[in-house]
Amino acid sequence: MTRSGFVSFVGRPNVGKSTLTNALIGQKIAITSSRPQTTRKAIRGVLTRATGQLVIVDLPGVHRPRTLLGERLNDLVQSTLSEVDLIAFCTPANEKLGPGDQRLIEEIGKFTKARKIAIVTKTDSVSKDRLLAHLLELGQIAQFEEIVPVSALKGDQLDLLAELMIQQLPEGPLLYPEETITDEALEDRICEVVREKALERLNDELPHSLAVTLDEFDPEQGKIFASVWVERDSQKGIVIGKAGSMLKQIGSEAREELNQLLGQRIHLSLQVRVAKEWQRDPKQLGKLGF
Ligand SMILES: Nc1nc2c(ncn2[C@@H]2O[C@H](COP(=O)(O)OP(=O)(O)OP(=O)(O)O)[C@@H](O)[C@H]2O)c(=O)[nH]1
Ligand SMILES: [Mg+2]
């Protein structure tokens, strides 16, 4: 008999949830970056093993919302947590457990239907002693079925984590065909690749102000037309850069990855557009897919 069900990864922004999702699935399905608040939707990855099937739901990092977008993302986290079988609280080994973690652990406790485990991420970035102290402290502040230290970067303990998570699931048949890795639409993945490249290139508040939409995708011709949205006119110039240099760089990095994703040489055309204060405007949010 196999086990199957859903686990969601929750934690503060930037703790490595999406990197871990990709490492477990063995393919990049979620974009990642060194900037907090990279993930903006629930991304599902499917992991099938002899013992069962685990659907990983990677979520946006939980933070105090300062915009309508932030509120919507927190709502998304709440509604997802009410549906999953297992909640995996993620906390990085190289940061002290703080009030943000404490609050989140309390929040998670409200979802009584789900079992809870803790994942300590980025173990490669600390000494053994520090990791041990972190694990002990975590064990003291809350009750988890398991506490698993991992490094997505080094691939440490990933097999063990996958198996432990499956063991927490109810018995049941596979939910997706065995070869499935994600149910993300190709169109959405394309937009996310472009956003990822822009995120790492841009500074200050700009990463938060970015959104990407697809205007046209012609797989036969290998042509992609996408829009990079910013919130203010002044940001438009920054994204375009001197004589278009910034946008060119973002475009060429995105194209390289899209060539691989689509398995063909593609032509990518990016346009920078302004959606005034879109993170706070319900109408604009709707237009951008939130
Ligand atoms: N050293 C180290 N860094 C890691 C590891 N996993 C993730 N990171 C880095 O941590 C940063 C954040 O990673 P993400 O996976 O985007 O984090 P996230 O939790 O999904 O962030 P949000 O989507 O903003 O909530 C990136 O710079 C990653 O390269 C790891 O195992 N070791
Ligand atoms: Mg993420």
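Reader: Ser18 first. Buried or exposed?
Author: Buried. In this predicted model, Ser18 has a relative accessible area of 8%. The cut-off for buried is under 20%.

Reader: And Thr39, buried or exposed?
Author: Thr39 counts as buried, at 8% relative accessibility.

Reader: Which protein donors does the magnesium ion have?
Author: Ser18, through OG, and Thr39, through OG1. They lie 2.0 to 2.1 Å from the magnesium ion, ligand 2.

Reader: Where do the two sit in the chain?
Author: Ser18 is in helix α1, residues 17-25. Thr39 is in the loop between α1 and β2 (43-49). The pair therefore ties together parts that are 21 residues apart in sequence.

Reader: On to the sheet. What's the strand order?
Author: β2-β3-β1-β4-β5-β6. It is an open sheet of six strands with mixed pairing.

Reader: Which strands are at the edges?
Author: β2 and β6 (147-149). Each pairs on one side only. From one strand to the next, the twist averages 25°.

Reader: How many bridges join β5 to β6?
Author: Three, and the two strands run parallel. Strand β5 covers residues 115-121. Val120 stands opposite Pro149 in β6.

Reader: Back to α1. Which strands does it touch?
Author: β1 (3-10), β2, β3 (52-58), β4 (86-92) and β5. Helix α1 packs on the sheet, and its direction makes about 155° with that of β3.

Reader: Last one, helix α5. Which residues are buried there?
Author: Leu158, Leu161, Ala162, Met165 and Ile166 are buried in α5, residues 158-167.

Reader: Where do they fall around the axis?
Author: Within an arc of 130°, seen down the axis of α5, so the buried residues line one face of the helix.

Key: Residues numbered from 1 in each chain as written. Chains lettered and ligands numbered in written order. Predicted model: local features only at pLDDT ≥ 70, side-chain atom pairs only at ≥ 80, totals over all residues. Heavy atoms only, no water. Donors = N, O, S within 2.8 Å, 3.2 Å for Na, K, Ca; no water. Helix = DSSP H or I, 4+ residues; strand = E, 2+ residues; numbered from the N terminus. Buried < 20%, exposed > 50% of the residue type's maximum accessible area, 1.4 Å probe, protein only. Arc of directions from axis to C-beta. Pairing = 2+ DSSP bridges. Axes fitted to C-alpha atoms, helices over the stretch in contact; angles between N-to-C directions. Contact = heavy atoms within 4.5 Å.
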